[in-house]
Number of protein chains: 4
Amino acid sequence: METCKAAVFVGAGKPLAMQEFPVPPLEPGAVLIKSLVAAVCATDVHAFHNPRAPHPVIWGHENVGAIARLGKGVTTDAYEQALKEGDRVIYYPATCGRCFNCLAGGLPCEVRRNYGLRPFTTPPHITGGFGQYVYVEPNALLLRIPDDMSTERALFAVIGNHTVMNGLEKLGGISVSDAVVVQGSGPVGMGALTQAKLAGARRVIVVGAPAGRLQMAREMGADETVSIEEYREPEARAQRVRELTDGRGADMVIECSGADTAFQEGLEMVRAGGKYLNLGQLTDYGPMPVNPSLITRKSILISGVLGPTFKHVTRALHALHARVKYPVEKLITHEFPLQRVNEAFRVHETLEAMVAVVRPNG
Amino acid sequence: METCKAAVFVGAGKPLAMQEFPVPPLEPGAVLIKSLVAAVCATDVHAFHNPRAPHPVIWGHENVGAIARLGKGVTTDAYEQALKEGDRVIYYPATCGRCFNCLAGGLPCEVRRNYGLRPFTTPPHITGGFGQYVYVEPNALLLRIPDDMSTERALFAVIGNHTVMNGLEKLGGISVSDAVVVQGSGPVGMGALTQAKLAGARRVIVVGAPAGRLQMAREMGADETVSIEEYREPEARAQRVRELTDGRGADMVIECSGADTAFQEGLEMVRAGGKYLNLGQLTDYGPMPVNPSLITRKSILISGVLGPTFKHVTRALHALHARVKYPVEKLITHEFPLQRVNEAFRVHETLEAMVAVVRPNG
Amino acid sequence: METCKAAVFVGAGKPLAMQEFPVPPLEPGAVLIKSLVAAVCATDVHAFHNPRAPHPVIWGHENVGAIARLGKGVTTDAYEQALKEGDRVIYYPATCGRCFNCLAGGLPCEVRRNYGLRPFTTPPHITGGFGQYVYVEPNALLLRIPDDMSTERALFAVIGNHTVMNGLEKLGGISVSDAVVVQGSGPVGMGALTQAKLAGARRVIVVGAPAGRLQMAREMGADETVSIEEYREPEARAQRVRELTDGRGADMVIECSGADTAFQEGLEMVRAGGKYLNLGQLTDYGPMPVNPSLITRKSILISGVLGPTFKHVTRALHALHARVKYPVEKLITHEFPLQRVNEAFRVHETLEAMVAVVRPNG
Amino acid sequence: METCKAAVFVGAGKPLAMQEFPVPPLEPGAVLIKSLVAAVCATDVHAFHNPRAPHPVIWGHENVGAIARLGKGVTTDAYEQALKEGDRVIYYPATCGRCFNCLAGGLPCEVRRNYGLRPFTTPPHITGGFGQYVYVEPNALLLRIPDDMSTERALFAVIGNHTVMNGLEKLGGISVSDAVVVQGSGPVGMGALTQAKLAGARRVIVVGAPAGRLQMAREMGADETVSIEEYREPEARAQRVRELTDGRGADMVIECSGADTAFQEGLEMVRAGGKYLNLGQLTDYGPMPVNPSLITRKSILISGVLGPTFKHVTRALHALHARVKYPVEKLITHEFPLQRVNEAFRVHETLEAMVAVVRPNG
């Protein structure tokens, strides 16, 4: 019987444990994915430290794989491109179309959680990219990766870029010639930088640290960087941003840092009539000091999203394939085999890594 | 020489002082307005206590007047309705079309401040509704009040309703069948309630106090009220709102209370994917406890505005004329002659009054 | 074995034929609906005359039914309201979440056609309201009708109102105080009139005929009507609309007539900067005379939709339940038992009927 | 006394006539501009053939000039950048803030016509770029051209790009990864191509002729071109566009051709749920064959604009300065001294020229 090794989260603070699972037979419509490369996401790291995080679960939702086996009836991806074994794909659950969020529109499905985020107790168990194989249920969504695109480059369609695209759509987008501030110089911040440049921003300012990340941001096209090591006070950083934006502030600020005081800082950076996309505040730090009168007095338009939709994954892949010149794969600074997944978590957490990936099949 | 008595703000905490000014001759295009009724606005009261508030100034920006004299060349209002002496009008400065805000669009003109908010040191001095006459500069905007509409009813086109309309436009409006929460049961809250009902909200919930105001809200069409005297904790109020909205929260929350902790409370009241219009936070209380992760996790769309545009004043007048059945003029609970303007401020501040007005010409 | 009588469309121009079908056993998750009342829709009538219309099919997509049997596992409607046999419901397929339109968003699912519009050759056959029973597949969407709401009133949640709501959302809605023109005085026009009044339009002008329908429109709240029998030329009607809208034209025009020249006429009726919702042009008449320079010169925002989403059905039901005062059920002018369904088609086509319904179970 | 030579339109079909005007003394706040380069616009050519076109008028609204004299009190441009004689600028009238369109928002001012489009009979006469000097009235809007930007490059901020930006804003913009069709390969089409690439379109398809223009489009970044000389039938072109867009059609179509049948052709090219920006239909050809059911059935969002706002001129200049790599000045294919302005019109009309300019001061 075929088996699949996977790294399992077994409780807060405990190292991911290597376990072995049977690979179940494929139902009609299902697909077995061989995980090629899976990145450690900040979400995983937060969950790792969260005593209430559900487990057991195989993480690895930022994943690209290859088709190991196609279930009966699966012949194409979601856009009717033919599929065969060996083709590389990104995979997502289809939305249920029936939950409150699906009926309301514009919100993540409450029922079908992404792969890599599904606690399990029963078969098929293997539902995350930190395992050799992923069992993709019938009627899921597949997106074929073009043959002339590297697996590593394709991975960035599910790191940052997709969520940024969803969030920007909610706020009516960046306009050509906008001045954009990106708060945070991690992988999501790099996605925001990428998308802002693609959308024709005239000036993109990345606020973050450490120096190496800011250097990378400049290589990727950031017009300016503001180091939080150099400008240590939020007010100094906001002042610096205003200097760089004709004294008015940015047309759009995108919060990607997740820092507990970042939201207030961003409100100070946006111009009157500007927009603020709050992506980074996934972690609930409880109430933080925020001045809501800035929203009224500056008439700021604000929103946030938790993640992407499949449309945005597709669009991110297309953009990375056709329009992004920068070799984004350089953002992968650390690679590990599956057995060393816990090291990948460590270098993520120490900020040594920009993006740390695991290669479950070597 | 003709003179004009007016109540002048002469510094924080000092009673408004009755002063007398010469009525200047009219330039071509200017208009002299006889102030009929002017309401005390919370903005005035805040300025009254603010040591940095500019002075001297004749307040009274919530004002309806009658045309005392038409300057040469003024024959119609902004919509080409003929004007003659004695006609009642609302008046606003035209935007300058040249400042940063005018060029950016959707923001209040930085140059031409509203009447009733202009500090003065030189003629024409008389620029606020808390005086017998208002000198309206050439090329200002006039809006004729229909003959079959009472002056008091027309006043509400410049109390709350106009600003609410501007804010709602910024957020894409209320949809028919929405559940709407209005935070605050003062004049702006009553404007929000009025507009929400007009826009087809299925359920409007007013959160406020004291009991008399909530009673008035119910008379005006509020489907539910939540008393902050009864539900004393923010979380209890948010819980009550969720109970009244199928456990999900409101489609739209409109903050009109100006209370320092109201913004966070409102974030708890809005549903995932809902909208939050932050009108009340005009006063800068500095940083307050706010949980920005709610914006990300619930994907809330948020904005605010400082005031209306003339379009919204016009639309508010039209709505009050043609569609609002409730006798909104009942919200005027206190009336004073000009000399007793300081009493009007007092009853506003004690919340004795819903709307306290001055009649500068008796 | 239980059987179900139904009226089957068997080809263009042929009377619907009464046929009898076995009622299949219910799968888990499925529901059997007893059809209470089903309206003839213009779509049905067009299909009736269309040689390319697919058949056999049981029409009757404007339908309200009662639960005859609940499949295993079905305990609530889509909003978690408990369901039991006998409860009245509206039913819709869930979207597939996988087709091009579902992935793009804002478009009708290409895969799961509405009940009443599904050609069949195999079981369960009985998928339309013009039959005694409707077999509703597993995982469909149900909407419980409040006990204090008549079946006839609920029917209007699936006649016109739902589609109008979807279309208005696409264009950013009607604003309070808008002047709105509705082209067409049939059932969709009446839905548009209803929604425009609900949304706070200051003036709603219905353009149509014959006199009886316009009379009904005025009873429902139309502020003005323009008879196409009186104003026989399109330009005369456009001129009349401009007279009724300060010479400028309407803020919003909603085309609900389906007349072949209506679109051009509507372009003449909308003001500069106004919006035009094109709902009526379902039938492909081929190219008609239209002046596209009006779109550029007046900067009109235009769109259309083919039908509703389930959210809009829900919102329409809520509005009809809680906010619409007019007894919309009066729009049902003709009722027939199932066997006389062809008479219902006839009175629809002659315009004798506003809404003609069939009661498949008497 | 100083004089100014200018080319005056004196009636349909008559060659522009060289006339000489006195240069009036400058009022406070006014500015005298020395016209450096002015392009012939299709609007001018249409007016040239229009018996109802008002005259006399000095055309030349696509103009860049240098400050010849600053009126008293003028020290900066609209964004507070210092100005001195000799600085190169773009100039626009400020909006009046009082006409119907200004009050409604989002529409061109009805009162203050652009320079180069103002018929005159009295001083200051000299109000168009086809003259040596332009008298810019007090309180107009000036935009300083950066020192490191050529005059010719700056000219493109007022050719096509600015109007395209305004139109795109009205429709919510292009999204990164969109497939965009541009109908027309003249100057406006080139502006649309430029803006679409800047906004991150994945694929831009230009439909037009002749071959030289399409070649230029490809040099500027068009991913595909469709020649109307090769694909001679509208349906063939629409089919070709669908082939290039996965069979679905484009996410956005921008009509810039002004051809009388272009609108219908574009409706066939846009995908379900796509957007259509109709810029080209400035000329009123009267009713043309258009199928409005495409709007309903494909749920297309459509709009158009007549021209830009000053914000869009500014943003176009910024984009051309900071982001556009292509040497757009190469689009200027013909240059003439003022006396030969009629030749500039000729080469525009024969399509020999992409952009033909006049240099009124040599």
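The exercises below work through the chain contacts, strand pairing and symmetry of a predicted model.

**Exercise 1. Describe the interface between chain B and chain A, from its extent down to the elements that build it.**

Step 1. Begin with the extent: 38 residues of chain B are in contact with 38 residues of chain A, and the two chains bury about 3,100 Å² between them, with 59% of that area on carbon and sulfur atoms.

Step 2. Turn next to the polar side of the interface, where the count between chain B and chain A is 4 salt bridges. A salt bridge joins the side chains of R248(B) and E110(A), with a distance of 3.0 Å from N to O. Counting residue pairs in polar contact, with both residues at pLDDT 80 or more, gives 18 between chain B and chain A.

Step 3. Assign the residues to elements. On the side of chain B that touches chain A, at least two residues each come from α2 (100–104), β12 (270–278), β13 (288–290), α9 (293–298) and β14 (301–303) of chain B. The element that gives the most to this side is α9(B), with 5 residues.

Step 4. Sort this side of chain B by residue class, which yields 19 nonpolar, 12 polar and 7 charged residues.

**Exercise 2. Which strands pair across the boundary between chain A and chain B, and in which sense do they run, parallel or antiparallel?**

Step 1. Strand β13 of chain A, residues 288–290, is joined to β13(B) by 3 bridges, and these strands run antiparallel.

Step 2. Locate a facing pair of residues within this pairing: V290(A) stands opposite M288(B), which belongs to β13(B).

**Exercise 3. What rotation superposes chain B on chain A, and what relation does it express?**

Step 1. Chain B is superposed on chain A by a rotation of 180 degrees, with 0.0 Å of shift along the axis and an RMSD of 0.0 Å.

Step 2. A rotation of this kind is the relation of a two-fold axis.

Step 3. Compare the contact residues of the copies: 100% of those of chain B recur in chain A, so that the same surface serves both copies.

**Exercise 4. Describe the interface between chain B and chain C in the order used for chain A.**

Step 1. Here 21 residues of chain B are in contact with 21 residues of chain C. The buried area between chain B and chain C is about 1,600 Å², of which 45% lies on carbon and sulfur atoms. Within chain B, the residues that lose the most area to chain C are V176(B), R315(B) and R323(B), which together account for 38% of what that side buries.

Step 2. Across the interface of chain B and chain C there are 4 salt bridges. R315(B) forms a salt bridge with D178(C), in which the closest N and O atoms are 2.6 Å apart. Residue pairs in polar contact, both at pLDDT 80 or more, number 16 across the interface of chain B and chain C.

Step 3. The elements giving two or more residues to the side of chain B that touches chain C are α5 (187–198) and α10 (310–322) of chain B, and α10(B) gives the most, with 4 residues. By class, this side of chain B divides into 7 nonpolar, 6 polar and 8 charged residues.

Step 4. Consider the symmetry: a rotation of 180 degrees with 0.0 Å of shift along its axis superposes chain B on chain C, the RMSD being 0.0 Å. A199(B) is the residue of chain B that comes closest to the rotation axis, its C-alpha lying at 2.2 Å. The same surface again serves both copies, since 100% of the contact residues of chain B recur in chain C.

**Exercise 5. Trace the pairing of β4(D) with its partner strands.**

Step 1. Strand β3 of chain D (residues 31–39) is joined by 8 bridges to strand β4 of chain D (residues 62–70), and the two run antiparallel. In this pairing A38(D) stands opposite N63(D) of β4(D).

Step 2. β4(D) also pairs with strand β5 of chain D (residues 88–92), in the antiparallel sense and over 2 bridges. There A66(D) stands opposite R88(D) in β5(D).

**Exercise 6. Where in chain C do the partners of the salt bridge between D223(C) and K197(C) lie?**

Step 1. A search of the whole structure finds 84 salt bridges over all chains. In the one between D223(C) and K197(C), the closest N and O atoms are 3.0 Å apart.

Step 2. D223(C) lies in the loop between α6 (211–220) and β10 (224–227) of chain C, whereas K197(C) lies in helix α5 (residues 187–198) of chain C, so the pair, 26 residues apart, links distant parts of the chain.

Conventions:
Residues numbered from 1 in each chain as written. Chains lettered and ligands numbered in written order. Predicted model: local features only at pLDDT ≥ 70, side-chain atom pairs only at ≥ 80, totals over all residues. Heavy atoms only, no water. Contact = heavy atoms within 4.5 Å. Buried area = accessible area lost by both parts, 1.4 Å probe. Polar contact = N/O pair within 3.5 Å; in protein donor to acceptor, adjacent residues only side chain to side chain. Nonpolar A, V, L, I, M, F, W, Y, C, P; charged D, E, K, R; others polar. Pairing = 2+ DSSP bridges. Least-squares fit on C-alpha atoms with pLDDT ≥ 70 in both.
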